[in-house]
Amino acid sequence: MLQEFATPAGTARYRQRFPHLVAAGHFRQPQHVPGAGELWLPSLGLGTYLGEADEAGDAAYTAAIRAALRAGINLLDAA
């Protein structure tokens, strides 16, 4: 694993913060994804889209990411 990226232990700790989502099957281990089979990933993620680099856009992305993390989404695609 690369440093400062998701780890099996880190994703397991995050998953444990949301027992109601665990019970609902929200977190899964993607056995079909090479190198990620031991990570706990949510069934939903948050993606970003290239837009204007301005303060309003940055603030909106920041608010969306914070809301997603509070709701149990730890898969963020910021490509």
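Does Tyr-49 count as buried or exposed, and at what relative accessibility? Tyr-49 counts as exposed, because its relative accessibility is 68%. The cut-off for exposed is over 50%. This report sets that residue in its surroundings, using a predicted model.

**The chain as a whole**

The chain has 79 residues, and 19% of them count as buried. Its secondary structure comes to three helices and four strands. Along the sequence, these elements follow the pattern α-α-β-β-β-α-β. Two helices therefore open the pattern, and a strand ends it.

The C-alpha atoms fill a box of roughly 35 × 30 × 20 Å, taken along the principal axes. Among contacts in the chain with a separation of 6 or more, 57% join residues 24 or more positions apart. The accessible surface comes to about 6,000 Å². Carbon and sulfur atoms account for 58% of that surface.

**Three residues in loops**

Tyr-49, Asp-54 and Leu-39 illustrate the three classes of accessibility. The table gives the loop and the value for each.

| Residue | Loop | Relative accessibility | Class |
|---|---|---|---|
| Tyr-49 | between β3 and α3 | 68% | exposed |
| Asp-54 | between β3 (46-47) and α3 (55-71) | 35% | partly exposed |
| Leu-39 | between β1 (27-28) and β2 (41-42) | 9% | buried |

**The loop between β3 and α3**

Tyr-49 sits in this loop. Together with Leu-50 and Tyr-61, Tyr-49 makes a nonpolar surface patch. The patch covers about 420 Å².

Asp-54 lies in this loop too. Asp-54 counts as partly exposed because its relative accessibility is 35%, and partly exposed runs between the 20% and 50% cut-offs. On the surface, Asp-54 gathers with Glu-52, Glu-55 and Asp-58 in a patch of negative charge.

What charges does the chain carry in total, and how far apart are their mean positions? There are 6 positive and 7 negative charges. Their mean positions are 18 Å apart.

**The loop between β1 and β2**

Leu-39 belongs to the loop between β1 (27-28) and β2 (41-42). Leu-39 counts as buried because its relative accessibility is 9%, and buried means under 20%.

Which distance separates the C-alpha atoms of Leu-39 and Gln-29? The two C-alpha atoms are separated by 5.6 Å. Along the chain, Leu-39 and Gln-29 are 10 residues apart.

Key: Residues are numbered from 1 along each chain as its sequence is written. This is a predicted model: local features need pLDDT of at least 70, side-chain atom pairs count only at pLDDT 80 or more; totals for chains, interfaces and linings use all residues. Side-chain values use heavy atoms; hydrogens and water are left out. Patches are made of residues with over 30% relative accessible area and no salt bridge: like charges are joined within 9 Å, nonpolar side chains (Val, Leu, Ile, Met, Phe, Trp, Tyr) within 5 Å. Accessible areas come from the Shrake-Rupley method with a 1.4 Å probe; for residues, only the protein chains shown count as cover. A salt bridge is a side-chain nitrogen of Lys or Arg within 4 Å of a carboxyl oxygen of Asp or Glu. Lys and Arg count as positive and Asp and Glu as negative; His and the chain ends are not counted. The place of a charge is taken as NZ of Lys, CZ of Arg, CG of Asp or CD of Glu. Buried means under 20% relative accessible area, exposed over 50%, partly exposed in between (1.4 Å probe, protein chains only). Contact means heavy atoms within 4.5 Å.
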